[in-house]
Structure formats: C-alpha cells, structure tokens
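Visitor: Let's walk through this one together, bench-side style. Could you bring it up so I can ask my questions?

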Amino acid sequence: MEEKKRRIFTQCVLLLVIACFVSRLHASSDRTFYDSFDDAFDGRWIVSEKEEYKGVWKHSKSEGHDDYGLLVSEPARKYAIVKELDEVVNFKDGTVVLQYEVRLQNGLECGGAYIKYLRPQDAKWLPKEFDNESPYSIMFGPDKCGPTNKVHFILKHKNPKSGEYVEHHLKFPPSVPSDKLTHVYTAILKPDNEVRILVDGDEKKKANFLSGDDFDPPLIPSKTIPDPDDTKPEDWDERAKIPDPDAKKPDDWDENAPMEIPDEDAVKPEGWLDDEPEEIDDPEATKPEDWDDEEDGEWEAPKIDNPKCSEGPGCGEWKRPTKKNPAYKGKWHAPLIENPNYKGIWKPKEIPNPEYFELDKPNFEPIAAVGIEIWTMQDGILFDNILISSDEKVAESYRKTAWKPKFDIEKEKQKAEEDSSSDGLKGFQKTVFDLLYKITDLPFLGEHKSKVLDLLEKAETQPNLTIGIIISIIVVVLTILFKLLFGGKKAEPAAAVKESKKGDAADSSNGQEGTEEKEEKEEKEEKGDGGAAPRRRNTRRDN
C-alpha cells in the first residue's frame, strides 16, 4: 500500500515538473526579446560611434533599488545605443506588444526617453553608425520640451504607390507623467488594426491604424487632391462686399479734425509752481573715484523727482488738459455693399490622387533591432525591462513582477516626503491635480493641451497661485467644450490639409520634434558671441 502511494506521489511530482517546463517553454516562445539589464550591457548593446553622440551610457542601479538599468549619465548630450535582435519580429503573425520601463530620476524638462524599433540592416544602416537617420518602423515613448509633452507613437509606413516612407503620428497621445517615479509604457498592436497605448498598465489611448481621425497624416491618402496646375482666373472676384461706388463724403465731414482738443474750460490750479523743474540733480550723488572724464565723459549727477512738486499741485509749465473733440469723425470711408461680381473663395479643382491606395491593414516593416537615440538636457534617465512579445499576458506578468514592486516602493516614499514637507500640495489639492492631469488626456483639448499642462506645472511649483490657475484651467476646458458643442470648427480646405501634411512630414523627419530646436539653440550658445566689453554708461539721465 505504501509503495503504491509513493508511486502515485512520484508521478504527480513528475507531471508537475513537466507542466512547469512546458509553461516556461510556452512563455519563452511568446517573448521575442527581453532585457532586464541585470547584467552589464557591454558586448550585447552597441554604442554609436558617430561623433555627435558623446553621452556616456552606464550600467547603474535605480535609485533606492537593487535593480539595474541602462542609465543616461550626463546632461545636455546626445545618446545612441542599439541592440540587434536574434530573431526578426514580423507583424503579420498576429499581436505584437512593445513594452519598457523608464524612470526620470531628475525629471524631464527638455529631452526624449523613447525607443526606436529599427528595420533590418538591408535598409542601409550599421549599428556602429546608428543615428537619427537610421530607418525605423516604430518610435514609441516619452518626449517633452517646450510645448511638446507626449508619449509618442509614430509608424513609419511605406506608400506602395510612391515607394516613400511616411511618418504617421498618433493624434492626441497621452502626456508624460510629471513625477520622478518608474513608469512602464506599453503599445499593443492587434491584427485587427487596433493599437492601444498603456501607461502603468492603464489604457490611455485606443486607435485604429486605418482611421484618418487617429493618425496624422492618415495611412490611406485621400482619393482626390487639389490640381496643382489649376490657376485662379484673373477675373475671379473673391470680395463678398465692396465700397459703394455711388456713396459720397458729406460736406461737413472734416477728416483733419483732431481726435482730442485742449479743454478751454480748464483752469490752472492755485499754487502751481511754474518756475520749479519736475526733476533735480540728486544732492546725495557723488562722482565715482574711478570716473575718467576723458574715457567716460563729463560726469553729471543722476536726476530725482523734485520733492517740491509733490508738496504742491504741480511743477513746470502748466498745459491745458485735452478732451474728446466732438467734431472728430476720422477718415471717411464709403459704406460697403454686396458685391454683384462675387464668385466665392476660389479653390483648385479636384483630381485623382496619383498616390492613393487602398489598404486592408498596414504594411508593417519587420523589427530587427531596438535602439535608443535621444537628445536630453537632463541626466538620470534609466531604461529597464525592454520587452517585445506576442502575448499581452506576458507583458502584464512583467508589469506585475518587475515594475509594480518598484513603483509601490517609490510611491510610498514620495507620499512620506509629501506628508513630512510643510510646502507643496497636500490632501485635496493633490486630488484635484491628479484629476486635472487625467483631463489633459481628453482628445477634445487638441492643440490646447500643452497650454493646460504648462499651467498645471506652474501651479504645482507655485502653491500661492494654485487656486487662480486651477480656475483658469477650468475656464479653458469649459470654453473649448462649449465651442465643440455649439460652434464646431470648420473643415479645412483640401489644399490646406495637403500643405499641413507636407509640413508635418518635414518637421518630424527624425521623430524628435520638441528637442531639435532646443539642440540648435544650445549649439549657438556654446559658440558664444565674443566682442569687446561694453563701455561704462554715463549715469546722466536724458530728458
């Protein structure tokens, strides 16, 4: 009997071991790429050898943890590093999940913390020459500088008609969390053309790749475009109203009459000091010992207000005050009438778009490497737990086991610091700000989102202005909402839309909008203006 029980127990243990092995094998097959950075990145990741990328990457612990990550160690530098995948990721196989953690340990005022998922090397790039021109399929992650504050999702898609690659930006992406905690960013690409953006496991944005409302420019071009060769006829009149040709200026209309005239009824106040100047030399001023008349000119004492003027009704020459001229009418203009020749606003005729194509699903380029190519003014940016998977549950499990414990510790520490501090936001104010930051992710804010975020950040750093700023934000949000409900924005002309698309494609050619302008400014400041030292100014005040 005992022997039989032992056999049954042994069989159960064996089955359990086999089940665990199969489970781990299955999980491994669902994980195309994963790097926890527990081991040093040397030999696995390749640092760009391009001269402009001088930033030093370090294998470093996250502050307050024993967990290692890939650290941006210096401020105001360009960084580039890449890791080739052992297996190319093909989007045609089903769901693809892109996920990674990043901690902005010193905050982020101007810089990027995004990842580029690069195309195979037959796209003419080399790991050691990795830079902002290296061809990528998807760019995903935080970017913040000036008015830019977003979690990018950019798809670089090939137009099958023209053969050109076009960057398609997700519209109204979520904003970047404003704290210094570890956050996990997830992009889930589904075979039904859906893409979902998660921040800390919470869905912040859902979109469809083929929807013109979700990506700019749309993946599917318009069927027609304005004819570039069409020109407006010379006799086309776009003036809705014109000056009345039969109108005449009235005989009593004086165009030369001044707007104001002296008030003849005004009387000079009694006791007015006509002979006293309004300003006098400062009696306490003395000539500086190092003053050189030949070098600096003749020294004159600075002027101050004449104290006698404040004791009486006034000083100096008295002049009559002016009043509105009742005879003033200004320049005469003929009244406007309806233009009998008005033809409306001219638009070029529409022609078939030679670059139009139909699409059932995006032609995703395969991913052959993962790269980080950023420019940032802040150091302390720590990347960790980079994952590419075909299973949402695998990504979820990493969020629970790798990210959540760290985040909870950091959150508790942050809460303790806030409770112990006498300044900053507490209690009700903190709740209000959390709610307002969530409101900024609402799509209807559109182009006003960056302004609202700037106001929020100012309110957090200046508690004495908090109430006023919160009221301003509420007014802005309500104003936009009322405009949407009772007076929607008119659709843009097709020509304007086309020009806008061209501008967007050019502005985002390297996927680093928001940081490039700052970079050029910094380079100019480094060069300096030079020149001789300025002359010392005379303290004399010109009248």
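Visitor: What pLDDT does the protein chain average?
Guide: This is a predicted model, so local features need pLDDT of at least 70, side-chain atom pairs count only at pLDDT 80 or more, and totals for chains, interfaces and linings use all residues. Residues are numbered from 1 along each chain as its sequence is written, and side-chain values use heavy atoms, with hydrogens and water left out. The score, pLDDT, is the predictor's confidence in each residue, from 0 to 100. In the protein chain, 79% of the residues score at least 70, and the average pLDDT is 83.

Visitor: How many contacts does the model have over residues 488–512, beyond near neighbours in sequence?
Guide: Take residues 17–29 before that: pLDDT stays under 50 there, and the model has 2 contacts beyond four places in sequence for them. A contact here means heavy atoms within 4.5 Å. Over residues 488–512 the pLDDT is also below 50, and the count beyond near neighbours is 31 contacts.

Visitor: How many helices and strands does the protein chain have?
Guide: Both come from DSSP runs numbered from the N terminus: helices are H or I runs of at least four residues, strands are E runs of at least two. On that basis the protein chain has 9 helices and 25 strands.

Visitor: What share of the residues is buried?
Guide: Some cut-offs before the number: buried means under 20% relative accessible area, exposed over 50%, and partly exposed in between (1.4 Å probe, protein chains only). The protein chain has 543 residues, and the buried share is 38%.

Visitor: Of the contacts between residues at least 6 apart in sequence, what percentage joins residues at least 24 apart?
Guide: The pool is contacts in the protein chain between residues at least 6 apart in sequence. Within that pool, the part joining residues at least 24 apart is 75%.

Visitor: Which strands hold cysteine 110 and cysteine 145?
Guide: These two cysteines are joined by a disulfide, S to S 1.8 Å, where a disulfide is a pair of cysteine sulfur atoms within 2.5 Å. Both cysteine 110 and cysteine 145 are buried, and their link is left-handed, with -75° about the S-S bond. The pair ties together parts 35 residues apart in sequence, because cysteine 110 lies in β7 (residues 110–112) and cysteine 145 in β9 (residues 136–145).

Visitor: What is the pairing of the bonded cysteines, numbered in sequence order?
Guide: The whole structure has 2 disulfides. Besides the link of cysteine 110 and cysteine 145, cysteine 309 is joined to cysteine 315 at S to S 2.0 Å. Cysteine 309 and cysteine 315 are both buried, and their link is left-handed, with -120° about the S-S bond. In sequence order, the pairing reads 1-2, 3-4.

Visitor: Which helix holds glutamate 392, the partner of lysine 190?
Guide: Side chains of opposite charge can pair when their charged atoms come close. A salt bridge is a side-chain nitrogen of Lys or Arg within 4 Å of a carboxyl oxygen of Asp or Glu, and the closest N and O atoms of lysine 190 and glutamate 392 are 2.8 Å apart. Lysine 190 sits in the loop between β12 (182–189) and β13 (194–199), so the pair ties together parts 202 residues apart in sequence, with glutamate 392 in helix α4 (residues 392–420).

Visitor: Is aspartate 66 buried or exposed?
Guide: Aspartate 66 forms a salt bridge with lysine 61, with the closest N and O atoms 3.5 Å apart. Lysine 61 counts as partly exposed at 39% relative accessibility. At 66% relative accessibility, aspartate 66 counts as exposed.

Visitor: Which residues are linked in a network of salt bridges?
Guide: A search of the whole structure finds 24 salt bridges, including one between arginine 77 and glutamate 74 at 3.9 Å, N to O. The linked network is made of Asp67, Glu101, Asp384 and Lys406.

Visitor: How far apart are the C-alpha atoms of proline 217 and leucine 170?
Guide: Proline 217 lies in the loop between β15 (215–216) and β16 (224–226), and at 8% relative accessibility proline 217 counts as buried. Leucine 170 is 47 residues away along the chain, and the C-alpha atoms are separated by 9.0 Å.
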